[in-house]
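Work through the exercises below with the sequence and the model in view. Each task is followed by a solution in steps.

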Amino acid sequence: VASTAEGLLHIVGADSPKRFLLLFQNDAELRATGGFIGSFGILDIADGKIKKFDVPPSGTYATQGQLTAYLRAPEPMHLINPRWEFQDANWFPDFPTSAATAMRLYELSHGATVDGVIAINTALLEAIVELLGPMPDPDNKGVFITAQTITERITQDIKENRDGNEQPKEIITALAPILISR
């Protein structure tokens with residue numbers, strides 16, 4: 001029990017500030033650790049409190065073209081792209097290996113390090129919204145997003161904004177501060 005409590009205190013930044021890379025995995029497009037990494041966020045925690053949470057509105061594509069080194073993708077991935085990109089970091093079914101790859105690719109594209117990686121798939125996101133309760137839809141006044149509608153709402157936003165001038169992951173960016181405030 002004491003070691004668990006110490007571990008939790010360490011994670012929430014009780015001894016020093018922590019930065020986590022959050023990977024939002026879309027399990028409608030399967031990957032080894034639970035789904036395609038379509039979006040990500042950076043979560044800063046200190047003294048047990050969330051200090052900052054950023055989610056780029058363009059999702060993982062915010063990292064494309066920014067890698068400072070060439071990483072060769074695993075051979076089977078060459079059919080898609082011989083260069084290893086951030087959105088494909090979760091190639092390995094072993095989560096610690098995929099997490100280490102995501103950390104490395106993030107560092108090579110943003111020049112910043114993180115202390116750990118947290119993956120959030122659709123089921124976990126729905127459970128979080130279920131726990132926190134309905135949230136106002138940032139685009140539709142008077143409409144609330146629930147655990148039962150969040151996945152459909154995100155999918156709708158991506159489809160509507162993919163071909164237009166809007167950022168396809170903007171809904172995730174808009175919902176992040178609402179979730180954090182709760």
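**Exercise 1. A buried asparagine**

Leaving aside its neighbours within four places in sequence, which residues is Asn 90 in contact with?

Solution. The model is a predicted one.

Step 1. Locate the residue: Asn 90 sits in the loop between S3 and H2.

Step 2. List the contacts. With neighbours within four places in sequence left aside, Asn 90 is in contact with Gln 25, Arg 31, Ala 32, Thr 33, Gly 35, Ile 37 and Ser 98.

Step 3. Pick out the polar contacts. The side chains of Asn 90 and Gln 25 are joined by a polar contact of 3.0 Å. A polar atom of the Asn 90 side chain also lies 2.8 Å from the backbone oxygen of Gly 35.

Step 4. Check the accessibility. The relative accessible area of Asn 90 is 3%. Buried means under 20%, so Asn 90 is buried.

**Exercise 2. Aromatic pairs**

Find how many aromatic pairs the whole structure holds, and describe the pair of Phe 40 and Tyr 106.

Solution.

Step 1. A search of the whole structure gives 4 aromatic pairs.

Step 2. One of them is formed by Phe 40 and Tyr 106, with 5.9 Å centre to centre and 65 degrees between the planes. Planes over 60 degrees apart count as edge-to-face, so this pair is edge-to-face.

Step 3. Place the two residues. Phe 40 belongs to strand S2 (residues 36-46) and Tyr 106 to helix H2 (residues 95-110), so the pair ties together parts that are 66 residues apart in sequence.

Step 4. Turn to the pair of Phe 86 and Tyr 106, which is tilted, at 6.3 Å centre to centre and 55 degrees between the planes. Phe 86 is in the loop between strand S3 (49-54) and H2, so this pair links parts that are 20 residues apart in sequence.

Step 5. Combine the two pairs: Phe 40, Phe 86 and Tyr 106 are linked by ring pairs into a cluster.

Step 6. Add the accessibilities. Phe 40 is buried at 1% relative accessible area, Tyr 106 is buried at 6%, and Phe 86 is buried at 1%.

**Exercise 3. A threonine in contact with the cluster**

Where does Thr 63 lie, and what does its side chain reach?

Solution.

Step 1. Thr 63 is placed in the loop between S3 and H2.

Step 2. Its side chain reaches the backbone oxygen of Thr 60 at 2.7 Å.

Step 3. Leaving aside neighbours within four places in sequence, Thr 63 is in contact with Phe 40, Phe 86, Ser 109 and His 110. Phe 40 and Phe 86 were met above as members of the ring cluster.

Step 4. Thr 63 is buried, with a relative accessible area of 1%.

**Exercise 4. The strands around S2**

State how S2 is joined to S1 and to S3.

Solution.

Step 1. Strand S1 (residues 18-26) and S2 run antiparallel and are joined by 9 bridges. Phe 36 in S2 is the bridge partner of Asn 26.

Step 2. S2 and S3 also run antiparallel, with 5 bridges between them. Ile 45 stands opposite Ile 50 in S3.

Step 3. The hairpin of S2 and S3 has 2 residues between the strands, and there Asp 47 takes a positive phi near 55 degrees.

Step 4. Count the buried residues: 11 of the 11 residues of S2 are buried, so S2 is largely enclosed by the rest of the structure.

**Exercise 5. Two helices**

Compare the computed span of H2 with its expected span, then work out how the buried residues of H3 are arranged.

Solution.

Step 1. At 1.5 Å a residue, the 16 residues of H2 should span 22 Å, and the end C-alpha atoms are 22 Å apart, which agrees.

Step 2. The buried residues of H2 include Ala 102, Leu 105 and Tyr 106. Their cover includes S1, S2 and strand S4 (116-121).

Step 3. Just after H2, Gly 111 has a positive phi of about 70 degrees.

Step 4. In helix H3 (residues 122-132), the buried residues are Thr 122, Leu 125 and Val 129. They cover an arc of only 65 degrees around the axis, which puts them on the same side of H3.

Step 5. The face turned away from that buried side carries the exposed residues Glu 130 and Leu 131.

Step 6. Look at the ends. Asn 121 caps the N-terminal end of H3, with a side-chain oxygen 3.3 Å from the backbone nitrogen of Ala 123. Just after H3, Gly 133 takes a positive phi of about 95 degrees.

Definitions and conventions:
Residues are numbered from 1 along each chain as its sequence is written. This is a predicted model: local features need pLDDT of at least 70, side-chain atom pairs count only at pLDDT 80 or more; totals for chains, interfaces and linings use all residues. Side-chain values use heavy atoms; hydrogens and water are left out. Rings of Phe, Tyr and Trp (its six-membered ring) pair if their centres lie within 6.5 Å; planes under 30 degrees apart count as stacked, over 60 as edge-to-face and the rest as tilted. Helices (H or I, at least four residues) and strands (E, at least two) are DSSP runs, numbered from the N terminus. Buried means under 20% relative accessible area, exposed over 50%, partly exposed in between (1.4 Å probe, protein chains only). Two strands pair if DSSP finds at least two bridges between them. The arc is that of the directions from the helix axis to the C-beta atoms. A polar contact is a pair of N or O atoms within 3.5 Å; within protein, one must be able to donate a hydrogen and the other to accept it, and residues adjacent in sequence count only if both atoms are side-chain atoms. Contact means heavy atoms within 4.5 Å. The expected span of a helix is 1.5 Å times one less than its number of residues.
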